[in-house]
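Please take a moment to look over the sequence and the model shown below. The paragraphs that follow lead through its charged pairs, its strands, its core and the confidence of the prediction.

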Amino acid sequence: VLAAVAGIQMPAAPVDGVVKKVDRNAGKVTVAHGPLVNLNMPAMTMAFRVKEAGWLDRLKVDDKIRFVAESIDGTLTIVRLEDAK
């Protein structure tokens, strides 16, 4: 909590999510996810940009994923992605 108050971004822990939509043209994936503590965001379903466009080619609706999202220049972006075990 102190680090957040001081403006220091905490390292983010991966969050579980389920892919709801893949939009290759927009470079986004819609994910139903748990709370994103590093972004002070509750659980919800929303679209994210992805750091690596190639990730969109391997994602499909209903895939279970673990990911880390960060705000990059004001855009919520998935910066780490893995298959959920």
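A salt bridge is a side-chain nitrogen of Lys or Arg that lies within 4 Å of a carboxyl oxygen of Asp or Glu. With that in mind, one such pair in this predicted model is formed by Asp57 and Arg24, whose closest N and O atoms are 3.4 Å apart. This pair links distant parts of the chain, since Asp57 belongs to helix α2 while Arg24 sits in the loop between β1 and β2, 33 residues apart. Asp57 is exposed, with a relative accessible area of 58%, whereas Arg24, at 45% relative accessibility, counts as partly exposed.

How many salt bridges does the structure hold? There are four of them, and another one joins Asp16 to Arg66, with the closest N and O atoms 2.8 Å apart. Asp16 lies in strand β1 and Arg66 in strand β4, so this pair ties together parts that are 50 residues apart in sequence. Asp16 has a relative accessible area of 46% and is therefore partly exposed, the range for that class lying between 20% and 50%, and Arg66, at 25% relative accessibility, also counts as partly exposed. A further salt bridge is found between Lys60 and Asp63, where the closest N and O atoms are 3.2 Å apart. Is each of these two residues buried or exposed? Lys60 counts as exposed at 54% relative accessibility, while Asp63 is buried, with a relative accessible area of 16%. Salt bridges that share partners also join Asp16, Arg66 and Glu82 into one network.

From the charged pairs we can turn to the strands. β1 and β2 run antiparallel and are joined by six bridges, and together they form a hairpin with four residues between them. In the turn of this hairpin, Gly27 has a positive phi of about 70 degrees. Within the pairing of these two strands, Val18 has Ala32 of β2 as its bridge partner. β2 also pairs with β3, again in the antiparallel sense and over six bridges, and here Ala32 stands opposite Thr45 in β3. Ala32 can therefore serve as a landmark when you trace the pairing, because the bridge partner of Val18 in β2 is Ala32 and Ala32 in turn stands opposite Thr45. As a general point, the side chains in a regular strand alternate between the two faces of the sheet.

The next part to find is the nonpolar core. The largest one has 19 residues, and those with the most contacts inside it are Val29, Leu36, Phe48, Phe67 and Ile78. Which elements each supply at least two residues of this core? They are the strands β1 (15-23), β2 (28-33), β3 (44-50), β4 (64-72) and β5 (75-83), together with the helix α2 (55-58). Val29 is a useful residue to select in the model: leaving aside residues up to four places away in sequence, Val29 touches several others, including Val19, Met46, Phe48, Leu56 and Ile78.

Finally, it is worth asking where in the chain confidence is lowest and where it is highest. Confidence is lowest in helix α1 (residues 2-5), with a mean of 46, and highest in β2, at 98. Over residues 1-5 the pLDDT stays under 50, and for these residues the model has two contacts beyond four places in sequence. For the chain, the average pLDDT is 89, and 86% of the residues score at least 70.

Conventions. Residues numbered from 1 in each chain as written. Predicted model: local features only at pLDDT ≥ 70, side-chain atom pairs only at ≥ 80, totals over all residues. Heavy atoms only, no water. Core = buried A, V, L, I, M, F, W, Y, C linked by side-chain atoms within 4.5 Å. Buried < 20%, exposed > 50% of the residue type's maximum accessible area, 1.4 Å probe, protein only. Contact = heavy atoms within 4.5 Å. pLDDT = per-residue confidence, 0-100.
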